[in-house]
Amino acid sequence: MISRISDASKDFFEQVYAVVKEIPEGRVTSYGAIANYLGTKKSSRMVGWAMNACHSRPEIPAHRVVNRNGLLTGKMHFSSPEDMQKRLEKDGLKVVADQIIDFKLHFWDPEEELKI
DNA sequence: AGCTTGACTTTGA
DNA sequence: GTCAAAGCCAAGC
């Protein structure tokens, strides 16, 4: 019989998407936080790479995922660079110079909220 | 098959 | 505090 891969071993991308979709409105998180929650802290880049493929998942609020500094590093990957900031402001967040104000206050840690 | 790039993070100077 | 370099894994060429 064919040993199908376990659900827990599903694609890393799917895991990232699952976490990102759980990000509540008005909250933001970092690539590293997601990677850490998934257990691959070192592979924070993979989270970003996963987001690069988020075009396959229109329901992914990728605008709520920023780098460790709260900087909108991936804004240019959106339909329009302004779209990401506009969505964040729509969520009640303040963005200045492509950076989220009080980022740490709005930081949403999946390890804290989702409880491993 | 190997090298380069990438929506990052951490560490050292 | 900033700046530079290393580490990381995967996809693209």
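A residue counts as near a molecule or strand if one of its heavy atoms lies within 4 Å of it. The model is predicted: local features need pLDDT of at least 70, side-chain atom pairs count only at pLDDT 80 or more, and totals for chains, interfaces and linings use all residues. Residues are numbered from 1 along each chain as its sequence is written, chains are lettered from A and ligands numbered from 1 in the order in which they are written, and side-chain values use heavy atoms, with hydrogens and water left out.

**DNA strand B.** Around DNA strand B there are 18 residues, of which R45, M51, N52, R68 and H77 come nearest. Of the atoms of DNA strand B that come within 4 Å of the protein, 49% are accounted for by sugar and phosphate. By class (Ala, Val, Leu, Ile, Met, Phe, Trp, Tyr, Cys and Pro as nonpolar; Asp, Glu, Lys and Arg as charged; the others, Gly among them, as polar), the surface near DNA strand B has six nonpolar, nine polar and three charged residues. Helices are DSSP runs of H or I with at least four residues, numbered from the N terminus. Both α2 (31-38) and α3 (44-52) supply at least two residues of this surface, and α3 gives the most, with six residues.

**DNA strand C.** The residues around DNA strand C are K42, S43, R45, M46 and W49. Sugar or phosphate holds 65% of the atoms of DNA strand C within 4 Å of the protein, and the rest belong to bases. The surface near DNA strand C divides into two nonpolar, one polar and two charged residues.

**Polar contacts.** Selected pairs of N or O atoms within 3.5 Å, the cut-off for a polar contact, are tabulated here.

| Protein atom | DNA atom | Distance |
|---|---|---|
| Y31, side-chain N or O | strand B, base nitrogen | 3.3 Å |
| N52, polar backbone atom | strand B, base nitrogen | 3.0 Å |
| R68, backbone N or O | strand B, phosphate oxygen | 2.7 Å |
| R45, side-chain N or O | strand C, base oxygen | 2.4 Å |
| W49, polar side-chain atom | strand C, sugar or linking oxygen | 3.3 Å |

**Helix packing.** The axes of α2 and α3, as lines fitted to C-alpha atoms over the stretch in contact with angles from 0 to 180 degrees between N-to-C directions, come within 8 Å and cross at roughly 105°. The two helices α2 and α3 are therefore roughly perpendicular to each other, a term for angles of 65 to 115 degrees. Their contact (heavy atoms within 4.5 Å) is made by Y31, G32, I34 and A35 of α2 and by S44, V47, G48 and M51 of α3. This contact of α2 with α3 has five nonpolar, three polar and no charged residues.

Conventions: Polar contact = N/O pair within 3.5 Å; in protein donor to acceptor, adjacent residues only side chain to side chain. Parallel < 35°, antiparallel > 145°, perpendicular 65-115°, else oblique.
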